[in-house]
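Reader: Please show me the model. I would like to go through its salt bridges, helices and buried positions.

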Amino acid sequence: MKLTKILAITILSVSPLSSMAGEITVAMYEEVSKAHDPKLDKIIMMNLTGLGQGIEWYNTMAKDSKLYCTPSQLTLGVSNYEDILNRQIKGLRMVDPDYDTDSLPLGLVLLQGLIRTFPCK
């Protein structure tokens, strides 16, 4: 069941429909990060916060079929999301340097990073 949900999210996130929705991709995120423009950084961080909170809301509502399991005393914030996202991007590139990681939606990569960082036992 859990694998089916992850697969469905992955397929929907990398489909042509997702790119038409105007999602921020890894390439866009990295370009803005390198620019060091405070206004653009704020937009990206607000987007990252929204993505993280939305994923957390789903995960909270899932109860018995959580995608990831954070420690009960940990509250995630934008700095956590940014760290997890950056580690996941780096990890994806290490696993398959030829894969087009740049075109992946930020939300998908964040979700993958959360699952990898906080696996359920």
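Reader: With which residue does D102 form a salt bridge, and how far apart are the closest N and O atoms?

Author: This is a predicted model, in which local features need pLDDT of at least 70, side-chain atom pairs count only at pLDDT 80 or more, and totals for chains, interfaces and linings use all residues. Residues are numbered from 1 along each chain as its sequence is written, and side-chain values use heavy atoms, with hydrogens and water left out. A salt bridge here is a side-chain nitrogen of Lys or Arg within 4 Å of a carboxyl oxygen of Asp or Glu. The partner of D102 is R93, and the closest N and O atoms are 2.3 Å apart.

Reader: Which residues are joined with D102 into one network by salt bridges that share partners?

Author: R93 also meets E30, side chain to side chain, in a salt bridge of 2.8 Å, N to O. R93 lies in helix α5 (residues 78–95) and E30 in helix α3, so this pair ties together parts 63 residues apart in sequence; helices are DSSP runs of H or I with at least four residues, numbered from the N terminus. Bridges with shared partners join D102 into one network with R93 and E30.

Reader: Are R93 and D102 buried, partly exposed or exposed?

Author: Buried means under 20% relative accessible area and exposed over 50%, with partly exposed in between (1.4 Å probe, protein chains only). R93 has a relative accessible area of 29%, and D102 has 35%. R93 is therefore partly exposed, and D102 is likewise partly exposed.

Reader: How many salt bridges does a search of the whole structure find?

Author: Besides the bridges of R93, the side chains of R87 and D83 meet at 3.0 Å, N to O. Both R87 and D83 lie in helix α5, four residues apart, about one turn of the helix. R87 is partly exposed at 43% relative accessibility, as is D83 at 40%. The number found over the whole structure is three.

Reader: How are α4 and α5 oriented to each other?

Author: The axes of helix α4 (residues 38–62) and α5 come within 9 Å and cross at roughly 90°. Axes are lines fitted to C-alpha atoms, for helices over the stretch in contact, with angles from 0 to 180 degrees between N-to-C directions. Angles of 65 to 115 degrees count as roughly perpendicular. The two helices, α4 and α5, are therefore roughly perpendicular.

Reader: Which residues of α5 are met by α4?

Author: Contact means heavy atoms within 4.5 Å. From α4, the residues taking part are M45, L48, T49, G52, Q53 and E56. On the α5 side they meet V78, Y81, E82 and L85.

Reader: Which residues does Q88 touch, not counting those up to four places away in sequence?

Author: Q88 is in helix α5. With 7% relative accessibility, Q88 counts as buried. The residues touched by Q88, beyond those up to four places away in sequence, are V109, Q112, G113 and R116.

Reader: Which residues of α6 are buried?

Author: Helix α6 covers residues 106–117. Nine of its 12 residues are buried, so α6 is largely enclosed by the rest of the structure. The buried ones are L106, G107, L108, V109, L110, L111, G113, L114 and I115.

Reader: Is T25 buried or exposed?

Author: T25 sits in the loop between α2 (16–20) and α3 (26–35). Leaving out residues up to four places away in sequence, T25 touches D102, S103, L104, P105 and L106. At 16% relative accessibility, T25 is buried.

Technical notes
The expected span of a helix is 1.5 Å times one less than its number of residues. Angles under 35 degrees count as roughly parallel, over 145 as roughly antiparallel, 65 to 115 as roughly perpendicular and the rest as oblique.
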